[in-house]
Amino acid sequence: MDLGDWLRSLGLDQYEAAFRENEVDDAVLPSLKGEDLKELGVRLVGHRRKLLDAIAALSTGGGSAKAASPDILPTIEQPPADAAERRQVTVMFSDLVGSTALSARMDPEDLREVISAYQQCVAETVRRFNGFVAKYMGDGVLVYFGYPQA
């Protein structure tokens with residue numbers, strides 16, 4: 001699948017350069033989350049939602065770009081099983097210590113760069129250990145381990 005053609009079929013070809021610069025290809029697409037799309041520069045919620053829906057359509061076996069278009073819905077051969085399972089999930093909140101004192105001494109734009117660098121470092125470390133960044137909250141990061149995969 002050509003990434004550029006796929007994005008054009010969704011009407012989102014303006015993101016092609018960002019995807020290529022960040023080495024996002026069809027192997028990486030299924031693992032992208034909303035936060036990843038924000039990092040790629042997809043600022044509009046509608047565009048992120050459209051991309052996530054199209055990625056989900058690719059994952060369900062509608063492998064072509066056409067499967068993600070609203071005109072053609074992917075067919076599901078078997079309905080998903082209604083089976084609950086118990087999982088162990090670890091929730092962690094990581095906060096930048098001393099950020100209040102920093103905010104009094106630093107320019108807001110410089111502080112934002114420090115906080116962004118901190119959050120990026122945390123996110124990379126969390127992903128390395130198969131964690132999931134659930135939410136960025138101010139100068140903190142909410143993280144799940146054991147989610148969505150046990």
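R127 counts as partly exposed in this predicted model, because its relative accessibility is 34%, a value between the 20% limit for buried and the 50% limit for exposed. R127 forms a salt bridge with E39, and the closest N and O atoms of the pair are 3.7 Å apart. E39 belongs to helix α3 and R127 to helix α6, residues 108–128, so this pair ties together parts that are 88 residues apart in sequence.

Let us turn to the other salt bridges. The count comes to nine. Which residues do shared partners join into one network? They are D2, D5, R8, E16 and R20. Within this network, D2 meets R8 at 3.9 Å, N to O, and D2 also pairs with R20 at 3.5 Å. The pair of D2 and R20 links distant parts of the chain: D2 is in the segment before α1, R20 is in helix α2, and 18 residues separate them.

I now come to helix α4, residues 45–59. Its 15 residues, at 1.5 Å a residue, should span 21 Å, and the end C-alpha atoms are 21 Å apart, which agrees. Buried in α4 are R48, L51, A54, I55, A57 and L58. The cover over these buried residues includes α1, α2 and α3.

Finally, the nonpolar cores. In soluble globular proteins, nonpolar side chains tend to be buried together. Here the largest nonpolar core has 17 residues, and L51 and L32 are among those with the most contacts inside it. Helices α1 and α4 each supply at least two residues of this core. L32 touches several residues farther along the sequence or before it, including F19, L52 and I55. A second, separate core of eleven residues includes L102, A123, V141 and V143.

Methods: Residues are numbered from 1 along each chain as its sequence is written. This is a predicted model: local features need pLDDT of at least 70, side-chain atom pairs count only at pLDDT 80 or more; totals for chains, interfaces and linings use all residues. Side-chain values use heavy atoms; hydrogens and water are left out. Helices (H or I, at least four residues) and strands (E, at least two) are DSSP runs, numbered from the N terminus. The expected span of a helix is 1.5 Å times one less than its number of residues. Buried means under 20% relative accessible area, exposed over 50%, partly exposed in between (1.4 Å probe, protein chains only). Contact means heavy atoms within 4.5 Å. A nonpolar core is a set of buried Ala, Val, Leu, Ile, Met, Phe, Trp, Tyr and Cys residues joined through side-chain atoms within 4.5 Å. A salt bridge is a side-chain nitrogen of Lys or Arg within 4 Å of a carboxyl oxygen of Asp or Glu. Lists of a residue's contacts leave out its neighbours within four places in sequence.
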